[in-house]
Amino acid sequence: MVEYLGGLPTVLALFLGLVFVFLVKFLFFRGHHKNLPYGNMGWPLLGETLAYLKPHKSDSMGVFLQEHCSRYGKVFKSHLFGHKTVVSCDHELNMYILQNEEKLFQSSYPQALHGILGRLSLILVTGDVHKKLRSLALGVIGGTKSTVNFLPSIEGLSIAMMESWKGCTEVVFCKEAKRFTFNLMMKHILSIGPDEAVTAEILGDFHTFMKGFVSLPIHIPGTPYFKAVKARERITSTIKGVIVARRKEKRLQNGDFLDVILARENLSDEERVSLLMDLLLGGYETTATLLALLIYFLADSPQALQQLREEHLAIRKNKKDGELLSWQDYKQMNFTLNVIYEGLRCGNVVKFVHRKSLEDIKFKGYLIPAGWKVLPIFTAAHHDPSLHENPWDFNPWRWDDQSTNKKVSFFGGGLRLCPGGDLAKLETAFFLHHLVLNYRWKIKGDNFPLAYPYVEFKKVLAIEIEPIYTTREQKC
(Lines give C-alpha, C1' and ligand atoms only; values in the text may rest on other atoms or scores of the structure.)
Protein backbone atom coordinates (compact mmCIF):
# COMPACT_ATOMS: atom_id res chain seq x y z
CA MET A 1 0.00 0.00 0.00
CA VAL A 2 2.80 2.38 0.88
CA GLU A 3 4.63 1.50 -2.35
CA TYR A 4 1.43 2.09 -4.33
CA LEU A 5 0.89 5.49 -2.74
CA GLY A 6 4.53 6.33 -3.33
CA GLY A 7 3.96 5.92 -7.04
CA LEU A 8 1.06 8.38 -7.13
CA PRO A 9 3.22 11.44 -7.91
CA THR A 10 4.62 9.71 -11.01
CA VAL A 11 1.20 8.59 -12.20
CA LEU A 12 -0.27 12.03 -11.49
CA ALA A 13 2.56 13.76 -13.35
CA LEU A 14 2.05 11.45 -16.34
CA PHE A 15 -1.70 12.08 -16.32
CA LEU A 16 -1.27 15.87 -16.13
CA GLY A 17 1.28 15.70 -18.90
CA LEU A 18 -1.16 13.89 -21.15
CA VAL A 19 -3.88 16.42 -20.32
CA PHE A 20 -1.49 19.25 -21.15
CA VAL A 21 -0.58 17.71 -24.52
CA PHE A 22 -4.28 17.21 -25.29
CA LEU A 23 -5.07 20.86 -24.46
CA VAL A 24 -2.22 22.12 -26.61
CA LYS A 25 -3.39 20.04 -29.55
CA PHE A 26 -7.02 21.05 -28.96
CA LEU A 27 -6.26 24.75 -28.74
CA PHE A 28 -3.55 25.11 -31.33
CA PHE A 29 -3.72 22.29 -33.86
CA ARG A 30 -7.45 21.60 -34.06
CA GLY A 31 -8.85 22.03 -37.55
CA HIS A 32 -5.55 21.94 -39.47
CA HIS A 33 -5.56 24.20 -42.51
CA LYS A 34 -3.24 24.17 -45.49
CA ASN A 35 -1.49 27.34 -46.67
CA LEU A 36 -1.78 29.15 -43.36
CA PRO A 37 0.77 31.94 -42.93
CA TYR A 38 3.88 30.93 -41.01
CA GLY A 39 4.02 31.93 -37.38
CA ASN A 40 4.07 30.87 -33.75
CA MET A 41 1.07 30.24 -31.50
CA GLY A 42 3.07 30.92 -28.33
CA TRP A 43 2.01 29.68 -24.91
CA PRO A 44 -1.25 27.80 -24.22
CA LEU A 45 -4.15 30.16 -23.52
CA LEU A 46 -1.94 33.30 -23.37
CA GLY A 47 -0.47 32.79 -26.82
CA GLU A 48 1.82 35.73 -27.65
CA THR A 49 -0.45 38.47 -26.29
CA LEU A 50 1.89 39.75 -23.57
CA ALA A 51 4.82 40.06 -25.98
CA TYR A 52 2.60 41.73 -28.58
CA LEU A 53 1.36 44.33 -26.07
CA LYS A 54 4.80 45.13 -24.66
CA PRO A 55 5.17 48.96 -24.77
CA HIS A 56 7.47 50.41 -27.43
CA LYS A 57 8.12 53.76 -29.07
CA SER A 58 5.04 54.68 -31.06
CA ASP A 59 7.17 55.97 -33.93
CA SER A 60 8.42 52.41 -34.51
CA MET A 61 6.95 48.95 -35.13
CA GLY A 62 8.28 47.55 -31.87
CA VAL A 63 10.47 44.49 -31.34
CA PHE A 64 7.63 41.94 -31.54
CA LEU A 65 6.49 42.96 -35.02
CA GLN A 66 10.02 43.54 -36.29
CA GLU A 67 11.15 40.06 -35.23
CA HIS A 68 8.02 38.31 -36.51
CA CYS A 69 8.09 40.07 -39.88
CA SER A 70 11.77 39.24 -40.24
CA ARG A 71 11.18 35.59 -39.35
CA TYR A 72 7.78 34.87 -40.94
CA GLY A 73 7.09 37.69 -43.40
CA LYS A 74 4.61 40.60 -43.36
CA VAL A 75 1.66 38.26 -42.82
CA PHE A 76 1.91 35.70 -40.01
CA LYS A 77 -0.24 33.64 -37.68
CA SER A 78 -0.28 33.96 -33.91
CA HIS A 79 -2.53 33.48 -30.88
CA LEU A 80 -3.58 36.90 -29.54
CA PHE A 81 -6.29 38.10 -27.17
CA GLY A 82 -7.43 34.50 -26.66
CA HIS A 83 -7.94 33.69 -30.34
CA LYS A 84 -6.14 32.23 -33.33
CA THR A 85 -5.13 35.27 -35.32
CA VAL A 86 -3.65 36.34 -38.64
CA VAL A 87 -1.53 39.47 -38.22
CA SER A 88 -1.09 41.67 -41.29
CA CYS A 89 1.80 44.10 -41.66
CA ASP A 90 1.09 44.19 -45.40
CA HIS A 91 -0.51 47.46 -46.54
CA GLU A 92 -2.24 45.83 -49.51
CA LEU A 93 -3.87 43.21 -47.28
CA ASN A 94 -4.76 45.86 -44.70
CA MET A 95 -6.64 47.88 -47.29
CA TYR A 96 -8.30 44.72 -48.61
CA ILE A 97 -9.56 44.00 -45.08
CA LEU A 98 -10.84 47.55 -44.56
CA GLN A 99 -12.53 47.75 -47.96
CA ASN A 100 -14.34 44.43 -47.43
CA GLU A 101 -15.96 45.29 -44.11
CA GLU A 102 -19.25 43.38 -43.62
CA LYS A 103 -18.49 41.33 -46.76
CA LEU A 104 -15.48 39.22 -45.90
CA PHE A 105 -14.49 40.74 -42.55
CA GLN A 106 -16.27 42.17 -39.54
CA SER A 107 -15.30 44.26 -36.52
CA SER A 108 -14.57 41.94 -33.59
CA TYR A 109 -13.14 43.51 -30.43
CA PRO A 110 -12.36 41.68 -27.16
CA GLN A 111 -15.43 41.15 -24.99
CA ALA A 112 -13.90 43.23 -22.19
CA LEU A 113 -14.32 46.37 -24.31
CA HIS A 114 -18.06 45.76 -24.57
CA GLY A 115 -18.36 46.12 -20.81
CA ILE A 116 -16.49 49.39 -20.73
CA LEU A 117 -17.65 51.07 -23.98
CA GLY A 118 -21.26 49.93 -23.92
CA ARG A 119 -23.04 47.56 -26.26
CA LEU A 120 -24.02 50.31 -28.74
CA SER A 121 -20.59 51.89 -29.10
CA LEU A 122 -19.83 52.76 -32.72
CA ILE A 123 -16.53 50.87 -32.53
CA LEU A 124 -18.29 47.64 -31.49
CA VAL A 125 -21.60 47.46 -33.35
CA THR A 126 -21.84 45.81 -36.75
CA GLY A 127 -24.24 45.53 -39.68
CA ASP A 128 -27.28 47.78 -39.95
CA VAL A 129 -26.82 49.22 -36.45
CA HIS A 130 -23.33 50.43 -37.32
CA LYS A 131 -24.51 51.81 -40.65
CA LYS A 132 -27.30 53.74 -38.92
CA LEU A 133 -25.15 55.21 -36.13
CA ARG A 134 -22.19 56.06 -38.37
CA SER A 135 -24.48 57.84 -40.84
CA LEU A 136 -25.88 59.85 -37.98
CA ALA A 137 -22.38 60.70 -36.69
CA LEU A 138 -21.41 62.00 -40.13
CA GLY A 139 -24.60 64.05 -40.32
CA VAL A 140 -24.09 65.47 -36.83
CA ILE A 141 -20.52 66.56 -37.52
CA GLY A 142 -21.29 67.87 -41.00
CA GLY A 143 -24.35 69.80 -39.87
CA THR A 144 -22.63 71.40 -36.90
CA LYS A 145 -19.63 72.54 -38.98
CA SER A 146 -21.96 74.75 -41.01
CA THR A 147 -23.19 76.73 -37.99
CA VAL A 148 -22.05 80.34 -37.46
CA ASN A 149 -20.35 79.72 -34.12
CA PHE A 150 -18.42 76.60 -35.09
CA LEU A 151 -15.09 78.13 -36.17
CA PRO A 152 -15.15 80.94 -33.56
CA SER A 153 -15.58 78.37 -30.77
CA ILE A 154 -12.48 76.45 -31.90
CA GLU A 155 -10.41 79.59 -32.23
CA GLY A 156 -11.72 81.09 -29.01
CA LEU A 157 -10.57 78.09 -26.98
CA SER A 158 -7.21 78.05 -28.81
CA ILE A 159 -6.63 81.72 -27.95
CA ALA A 160 -7.74 81.13 -24.36
CA MET A 161 -5.13 78.40 -23.96
CA MET A 162 -2.36 80.63 -25.33
CA GLU A 163 -3.46 83.36 -22.92
CA SER A 164 -3.41 80.94 -19.98
CA TRP A 165 0.28 80.25 -20.64
CA LYS A 166 1.32 83.89 -20.38
CA GLY A 167 4.09 84.25 -17.82
CA CYS A 168 4.85 80.52 -17.84
CA THR A 169 8.22 78.95 -18.56
CA GLU A 170 7.00 75.35 -18.49
CA VAL A 171 3.76 73.48 -19.20
CA VAL A 172 2.78 69.82 -19.12
CA PHE A 173 1.58 69.66 -22.69
CA CYS A 174 -0.32 66.34 -22.60
CA LYS A 175 -2.46 67.69 -19.77
CA GLU A 176 -3.02 70.99 -21.57
CA ALA A 177 -3.88 69.30 -24.88
CA LYS A 178 -6.47 67.12 -23.19
CA ARG A 179 -7.95 70.13 -21.42
CA PHE A 180 -8.21 71.94 -24.76
CA THR A 181 -9.81 69.07 -26.69
CA PHE A 182 -12.16 68.14 -23.85
CA ASN A 183 -13.43 71.71 -23.49
CA LEU A 184 -13.81 71.87 -27.25
CA MET A 185 -15.85 68.68 -27.46
CA MET A 186 -18.04 69.69 -24.51
CA LYS A 187 -18.78 72.92 -26.37
CA HIS A 188 -19.44 71.18 -29.72
CA ILE A 189 -21.51 68.36 -28.25
CA LEU A 190 -23.43 69.82 -25.31
CA SER A 191 -22.84 73.62 -25.44
CA ILE A 192 -21.26 73.43 -21.98
CA GLY A 193 -18.45 75.90 -21.23
CA PRO A 194 -15.08 75.12 -19.59
CA ASP A 195 -15.96 76.99 -16.39
CA GLU A 196 -19.18 75.10 -15.68
CA ALA A 197 -19.10 72.59 -12.80
CA VAL A 198 -20.37 69.72 -14.95
CA THR A 199 -17.30 70.06 -17.22
CA ALA A 200 -14.87 69.35 -14.38
CA GLU A 201 -17.12 66.52 -13.19
CA ILE A 202 -17.17 64.74 -16.54
CA LEU A 203 -13.45 65.38 -17.14
CA GLY A 204 -12.59 63.67 -13.85
CA ASP A 205 -14.70 60.67 -14.80
CA PHE A 206 -13.09 60.57 -18.23
CA HIS A 207 -9.62 60.35 -16.67
CA THR A 208 -10.80 57.35 -14.65
CA PHE A 209 -12.47 55.90 -17.73
CA MET A 210 -9.29 56.11 -19.85
CA LYS A 211 -7.14 54.45 -17.18
CA GLY A 212 -9.46 51.47 -17.12
CA PHE A 213 -9.90 51.41 -20.87
CA VAL A 214 -6.53 49.66 -21.30
CA SER A 215 -6.38 47.80 -17.98
CA LEU A 216 -6.83 44.11 -17.22
CA PRO A 217 -10.59 43.35 -17.46
CA ILE A 218 -11.03 42.37 -13.82
CA HIS A 219 -14.49 43.45 -12.67
CA ILE A 220 -13.74 43.59 -8.94
CA PRO A 221 -14.26 46.72 -6.79
CA GLY A 222 -11.07 48.74 -6.62
CA THR A 223 -9.59 47.65 -9.95
CA PRO A 224 -9.06 50.22 -12.75
CA TYR A 225 -11.48 48.29 -14.98
CA PHE A 226 -14.24 48.33 -12.35
CA LYS A 227 -13.67 52.04 -11.70
CA ALA A 228 -13.84 52.73 -15.44
CA VAL A 229 -17.17 50.91 -15.80
CA LYS A 230 -18.56 52.97 -12.90
CA ALA A 231 -17.12 56.18 -14.39
CA ARG A 232 -18.89 55.44 -17.68
CA GLU A 233 -22.15 54.94 -15.78
CA ARG A 234 -21.72 58.36 -14.15
CA ILE A 235 -20.91 60.04 -17.47
CA THR A 236 -23.95 58.37 -19.04
CA SER A 237 -26.13 59.58 -16.18
CA THR A 238 -24.83 63.14 -16.57
CA ILE A 239 -25.47 63.16 -20.32
CA LYS A 240 -29.00 61.82 -19.75
CA GLY A 241 -29.56 64.70 -17.34
CA VAL A 242 -28.46 67.21 -20.01
CA ILE A 243 -30.86 65.57 -22.48
CA VAL A 244 -33.78 65.86 -20.04
CA ALA A 245 -32.96 69.53 -19.39
CA ARG A 246 -32.71 70.29 -23.12
CA ARG A 247 -36.10 68.69 -23.75
CA LYS A 248 -37.67 70.80 -21.03
CA GLU A 249 -36.48 73.90 -22.88
CA LYS A 250 -38.60 72.71 -25.85
CA ARG A 251 -36.25 74.39 -28.28
CA LEU A 252 -33.19 73.32 -30.23
CA GLN A 253 -31.20 76.50 -30.83
CA ASN A 254 -27.79 75.73 -29.41
CA GLY A 255 -26.39 74.58 -32.74
CA ASP A 256 -24.52 71.70 -31.10
CA PHE A 257 -24.34 67.94 -31.70
CA LEU A 258 -27.07 67.29 -29.14
CA ASP A 259 -29.55 69.47 -31.04
CA VAL A 260 -29.02 67.41 -34.20
CA ILE A 261 -29.31 64.10 -32.36
CA LEU A 262 -32.49 65.09 -30.51
CA ALA A 263 -34.05 66.13 -33.80
CA ARG A 264 -33.71 62.54 -35.07
CA GLU A 265 -36.86 60.69 -34.01
CA ASN A 266 -35.68 57.24 -35.09
CA LEU A 267 -33.21 56.97 -32.19
CA SER A 268 -33.65 55.58 -28.70
CA ASP A 269 -32.17 57.52 -25.78
CA GLU A 270 -29.68 54.68 -25.28
CA GLU A 271 -28.45 55.18 -28.85
CA ARG A 272 -28.29 58.95 -28.36
CA VAL A 273 -26.22 58.68 -25.19
CA SER A 274 -23.91 56.06 -26.68
CA LEU A 275 -23.26 58.17 -29.78
CA LEU A 276 -22.56 61.28 -27.70
CA MET A 277 -20.11 59.23 -25.62
CA ASP A 278 -18.35 58.03 -28.79
CA LEU A 279 -18.05 61.56 -30.14
CA LEU A 280 -16.74 62.85 -26.84
CA LEU A 281 -14.21 60.03 -26.48
CA GLY A 282 -12.97 60.21 -30.07
CA GLY A 283 -12.69 63.97 -30.20
CA TYR A 284 -11.08 64.21 -26.77
CA GLU A 285 -8.43 61.49 -26.62
CA THR A 286 -7.28 61.06 -30.22
CA THR A 287 -7.02 64.77 -31.08
CA ALA A 288 -5.13 65.49 -27.85
CA THR A 289 -2.70 62.68 -28.70
CA LEU A 290 -2.20 64.08 -32.21
CA LEU A 291 -1.42 67.54 -30.82
CA ALA A 292 1.14 66.09 -28.41
CA LEU A 293 2.81 64.10 -31.20
CA LEU A 294 3.10 67.20 -33.39
CA ILE A 295 4.68 69.22 -30.58
CA TYR A 296 7.15 66.39 -30.05
CA PHE A 297 8.12 65.99 -33.72
CA LEU A 298 8.26 69.72 -34.51
CA ALA A 299 10.56 70.38 -31.54
CA ASP A 300 13.19 68.27 -33.32
CA SER A 301 12.41 69.56 -36.83
CA PRO A 302 13.41 73.27 -36.95
CA GLN A 303 13.10 73.51 -40.74
CA ALA A 304 9.55 72.16 -40.70
CA LEU A 305 8.62 74.41 -37.77
CA GLN A 306 10.01 77.46 -39.58
CA GLN A 307 8.02 76.76 -42.75
CA LEU A 308 4.92 76.13 -40.65
CA ARG A 309 5.36 79.45 -38.87
CA GLU A 310 5.91 81.27 -42.17
CA GLU A 311 2.67 79.84 -43.58
CA HIS A 312 0.69 81.12 -40.60
CA LEU A 313 2.45 84.48 -40.60
CA ALA A 314 1.38 84.91 -44.22
CA ILE A 315 -2.24 84.12 -43.30
CA ARG A 316 -2.20 86.48 -40.33
CA LYS A 317 -0.58 89.25 -42.41
CA ASN A 318 -3.69 89.46 -44.58
CA LYS A 319 -6.06 89.83 -41.62
CA LYS A 320 -6.96 92.73 -39.39
CA ASP A 321 -5.94 92.79 -35.72
CA GLY A 322 -8.20 90.43 -33.82
CA GLU A 323 -9.89 89.10 -36.97
CA LEU A 324 -10.75 85.42 -36.64
CA LEU A 325 -9.77 82.66 -39.01
CA SER A 326 -12.15 81.61 -41.78
CA TRP A 327 -12.74 78.55 -43.91
CA GLN A 328 -10.78 80.30 -46.66
CA ASP A 329 -7.81 80.68 -44.31
CA TYR A 330 -7.99 76.98 -43.49
CA LYS A 331 -7.83 76.11 -47.19
CA GLN A 332 -4.50 77.97 -47.36
CA MET A 333 -2.91 75.79 -44.64
CA ASN A 334 -1.37 73.32 -47.10
CA PHE A 335 1.90 72.77 -45.27
CA THR A 336 0.02 72.59 -41.97
CA LEU A 337 -1.94 69.62 -43.31
CA ASN A 338 1.34 68.05 -44.47
CA VAL A 339 2.62 68.36 -40.90
CA ILE A 340 -0.57 66.84 -39.47
CA TYR A 341 -0.48 63.90 -41.90
CA GLU A 342 3.18 63.25 -41.16
CA GLY A 343 2.53 63.37 -37.43
CA LEU A 344 -0.22 60.77 -37.86
CA ARG A 345 2.03 58.57 -40.01
CA CYS A 346 5.04 58.75 -37.69
CA GLY A 347 3.24 58.73 -34.35
CA ASN A 348 0.48 56.20 -35.03
CA VAL A 349 -2.44 57.32 -32.87
CA VAL A 350 -4.16 54.04 -33.82
CA LYS A 351 -1.76 51.09 -34.08
CA PHE A 352 -4.21 48.41 -35.25
CA VAL A 353 -7.87 47.38 -35.32
CA HIS A 354 -9.67 44.12 -34.54
CA ARG A 355 -11.43 42.16 -37.28
CA LYS A 356 -12.53 38.57 -37.89
CA SER A 357 -12.93 36.67 -41.15
CA LEU A 358 -16.47 35.71 -42.11
CA GLU A 359 -15.39 32.95 -44.52
CA ASP A 360 -12.24 31.23 -45.76
CA ILE A 361 -10.24 33.88 -47.60
CA LYS A 362 -7.26 33.40 -49.89
CA PHE A 363 -4.85 36.28 -50.35
CA LYS A 364 -1.43 36.12 -52.03
CA GLY A 365 -1.39 32.36 -51.56
CA TYR A 366 -2.23 32.55 -47.86
CA LEU A 367 -5.39 31.16 -46.28
CA ILE A 368 -7.25 33.15 -43.62
CA PRO A 369 -9.69 30.60 -42.15
CA ALA A 370 -13.28 31.54 -41.38
CA GLY A 371 -13.74 32.65 -37.80
CA TRP A 372 -10.09 33.61 -37.22
CA LYS A 373 -9.30 37.03 -35.82
CA VAL A 374 -7.41 39.38 -38.13
CA LEU A 375 -5.29 42.33 -37.00
CA PRO A 376 -4.37 44.89 -39.70
CA ILE A 377 -1.29 46.69 -38.30
CA PHE A 378 -1.30 50.29 -39.55
CA THR A 379 2.01 51.08 -37.83
CA ALA A 380 3.85 48.51 -39.93
CA ALA A 381 2.67 50.00 -43.22
CA HIS A 382 3.46 53.53 -42.01
CA HIS A 383 7.07 52.49 -41.34
CA ASP A 384 7.54 50.25 -44.35
CA PRO A 385 10.67 51.32 -46.31
CA SER A 386 9.19 49.79 -49.47
CA LEU A 387 6.37 52.37 -49.23
CA HIS A 388 8.09 55.39 -47.66
CA GLU A 389 11.61 56.67 -48.22
CA ASN A 390 13.42 56.92 -44.86
CA PRO A 391 10.15 56.06 -43.07
CA TRP A 392 11.50 56.83 -39.58
CA ASP A 393 12.20 60.48 -40.51
CA PHE A 394 9.61 63.17 -39.79
CA ASN A 395 9.35 64.65 -43.26
CA PRO A 396 6.21 66.71 -44.03
CA TRP A 397 7.46 67.39 -47.57
CA ARG A 398 6.86 63.76 -48.55
CA TRP A 399 3.16 64.71 -48.70
CA ASP A 400 3.81 66.98 -51.70
CA ASP A 401 3.66 63.69 -53.59
CA GLN A 402 -0.05 62.92 -53.81
CA SER A 403 0.60 59.17 -54.02
CA THR A 404 1.63 59.19 -50.34
CA ASN A 405 -2.07 59.36 -49.44
CA LYS A 406 -2.53 55.86 -50.83
CA LYS A 407 0.21 54.42 -48.60
CA VAL A 408 -1.33 55.19 -45.20
CA SER A 409 -4.45 54.31 -43.25
CA PHE A 410 -4.36 56.40 -40.08
CA PHE A 411 -8.10 57.17 -40.32
CA GLY A 412 -8.99 53.56 -41.08
CA GLY A 413 -10.92 52.92 -44.26
CA GLY A 414 -14.02 51.50 -45.91
CA LEU A 415 -17.27 51.53 -43.96
CA ARG A 416 -15.38 52.37 -40.77
CA LEU A 417 -13.43 55.37 -42.03
CA CYS A 418 -13.21 57.71 -39.04
CA PRO A 419 -16.20 60.12 -39.20
CA GLY A 420 -14.34 62.76 -37.18
CA GLY A 421 -11.11 62.84 -39.20
CA ASP A 422 -11.78 66.17 -40.92
CA LEU A 423 -12.89 67.74 -37.65
CA ALA A 424 -9.66 66.64 -35.93
CA LYS A 425 -7.55 68.17 -38.73
CA LEU A 426 -9.42 71.47 -38.51
CA GLU A 427 -9.11 71.74 -34.73
CA THR A 428 -5.43 70.85 -34.86
CA ALA A 429 -4.69 73.37 -37.61
CA PHE A 430 -6.36 76.22 -35.70
CA PHE A 431 -4.51 75.33 -32.52
CA LEU A 432 -1.17 75.20 -34.36
CA HIS A 433 -1.87 78.60 -35.94
CA HIS A 434 -1.94 80.33 -32.57
CA LEU A 435 0.78 78.17 -31.02
CA VAL A 436 3.48 78.82 -33.62
CA LEU A 437 2.70 82.54 -33.74
CA ASN A 438 2.90 82.95 -29.97
CA TYR A 439 5.46 80.49 -28.58
CA ARG A 440 8.73 78.66 -29.10
CA TRP A 441 9.24 75.42 -27.19
CA LYS A 442 11.60 72.57 -26.49
CA ILE A 443 11.04 69.16 -24.95
CA LYS A 444 12.14 68.83 -21.35
CA GLY A 445 14.20 65.76 -20.45
CA ASP A 446 14.14 62.34 -22.06
CA ASN A 447 10.61 62.30 -23.43
CA PHE A 448 9.10 60.21 -26.22
CA PRO A 449 5.75 58.62 -27.17
CA LEU A 450 5.10 55.00 -26.18
CA ALA A 451 2.52 52.61 -27.66
CA TYR A 452 0.69 50.61 -24.94
CA PRO A 453 -0.86 50.15 -27.66
CA TYR A 454 -2.60 53.51 -27.02
CA VAL A 455 -0.09 56.37 -27.24
CA GLU A 456 1.16 57.96 -24.05
CA PHE A 457 4.29 59.99 -23.42
CA LYS A 458 6.93 58.62 -21.09
CA LYS A 459 6.95 61.80 -19.00
CA VAL A 460 3.62 63.45 -19.96
CA LEU A 461 5.52 65.71 -22.38
CA ALA A 462 6.68 68.56 -20.18
CA ILE A 463 7.89 71.40 -22.42
CA GLU A 464 9.78 74.62 -21.79
CA ILE A 465 8.08 77.51 -23.56
CA GLU A 466 9.22 80.97 -24.54
CA PRO A 467 6.76 83.58 -25.81
CA ILE A 468 7.55 85.31 -29.06
CA TYR A 469 7.10 88.53 -27.09
CA THR A 470 8.76 88.25 -23.68
CA THR A 471 6.59 88.52 -20.57
CA ARG A 472 6.93 87.81 -16.84
CA GLU A 473 7.81 84.13 -16.38
CA GLN A 474 6.63 81.39 -14.04
CA LYS A 475 5.93 77.65 -14.10
CA CYS A 476 2.36 76.55 -14.81
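Helices, here labelled H and numbered from the N terminus, are DSSP runs of at least four residues. With this labelling, the predicted model is described below by its enclosed space, its helices, and its strands and loops.

The search for enclosed space gave one cavity of 30 Å³ or more. The volume of the largest cavity is about 50 Å³. Two elements, helix H10 (197-213) and helix H13 (269-299), give two or more residues each to the lining of this largest cavity. H13 provides the largest share of that lining, four residues. The full lining consists of Leu117, Ser121, Phe206, Phe209, Arg232, Ser274, Met277, Asp278 and Leu281. By residue class, the lining of the largest cavity contains five nonpolar, two polar and two charged residues.

Open space was also examined. The second largest pocket holds about 520 Å³. Its lining comprises 21 residues, and those nearest the centre of the pocket are Cys174, Lys178, His207, Glu285 and Glu456. At least two lining residues of the second largest pocket come from each of helix H9 (173-190), H10, H13 and E12. H10 and H13 therefore contribute at least two residues each to the lining of the largest cavity and are also among the elements that supply the lining of the second largest pocket. The lining of this pocket divides into 13 nonpolar, two polar and six charged residues.

Helix H16 covers residues 334-347, and its 14 residues reach 20 Å from the first C-alpha to the last. This span is close to the 20 Å expected at 1.5 Å a residue. Of the 14 residues of H16, 13 are buried, so the helix is largely enclosed by the rest of the structure. Asn348, just after H16, adopts a positive phi of about 55°.

Helix H8 spans residues 150-164 and includes Ser153. The relative accessible area of Ser153 is 16%, and the residue is classed as buried because this value is under the 20% cut-off. Leaving aside residues up to four places away in sequence, Ser153 is in contact with Leu184, Lys187 and His188.

Among the strands, E2 (residues 75-80) is mostly covered, with five of its six residues buried. E2 pairs with strand E3 (residues 83-88) in the antiparallel sense, over six bridges. Within this pairing, His79 of the model stands opposite Lys84 in E3. The hairpin formed by E2 and E3 has two residues between the strands. Phe81 lies in the loop between E2 and E3 and has a positive phi of about 55° although it is not a glycine. The relative accessible area of Phe81 is 25%, which makes this residue partly exposed.

A positive phi of about 55° also occurs at Lys364, again a residue that is not a glycine. Lys364 is placed in the loop between strand E7 (361-363) and strand E8 (366-368). A further loop feature is the cis peptide bond that joins Tyr452 and Pro453, for which omega is about 25°. Pro453 is located in the loop between strand E11 (449-451) and strand E12 (455-457).

Methods:
Residues are numbered from 1 along each chain as its sequence is written. This is a predicted model: local features need pLDDT of at least 70, side-chain atom pairs count only at pLDDT 80 or more; totals for chains, interfaces and linings use all residues. Side-chain values use heavy atoms; hydrogens and water are left out. Buried means under 20% relative accessible area, exposed over 50%, partly exposed in between (1.4 Å probe, protein chains only). Contact means heavy atoms within 4.5 Å. Two strands pair if DSSP finds at least two bridges between them. On a 1 Å grid over the protein atoms alone, a cavity is a set of points where a 1.4 Å probe fits but cannot get out, and a pocket is an open set with protein on both sides within 12 Å along at least five of seven lines; lining residues have an atom within 4 Å of a point. Grid points are joined across faces, edges and corners, and a volume is the space filled by probe spheres set on the points. Ala, Val, Leu, Ile, Met, Phe, Trp, Tyr, Cys and Pro count as nonpolar, Asp, Glu, Lys and Arg as charged, and the others, Gly among them, as polar. The expected span of a helix is 1.5 Å times one less than its number of residues.
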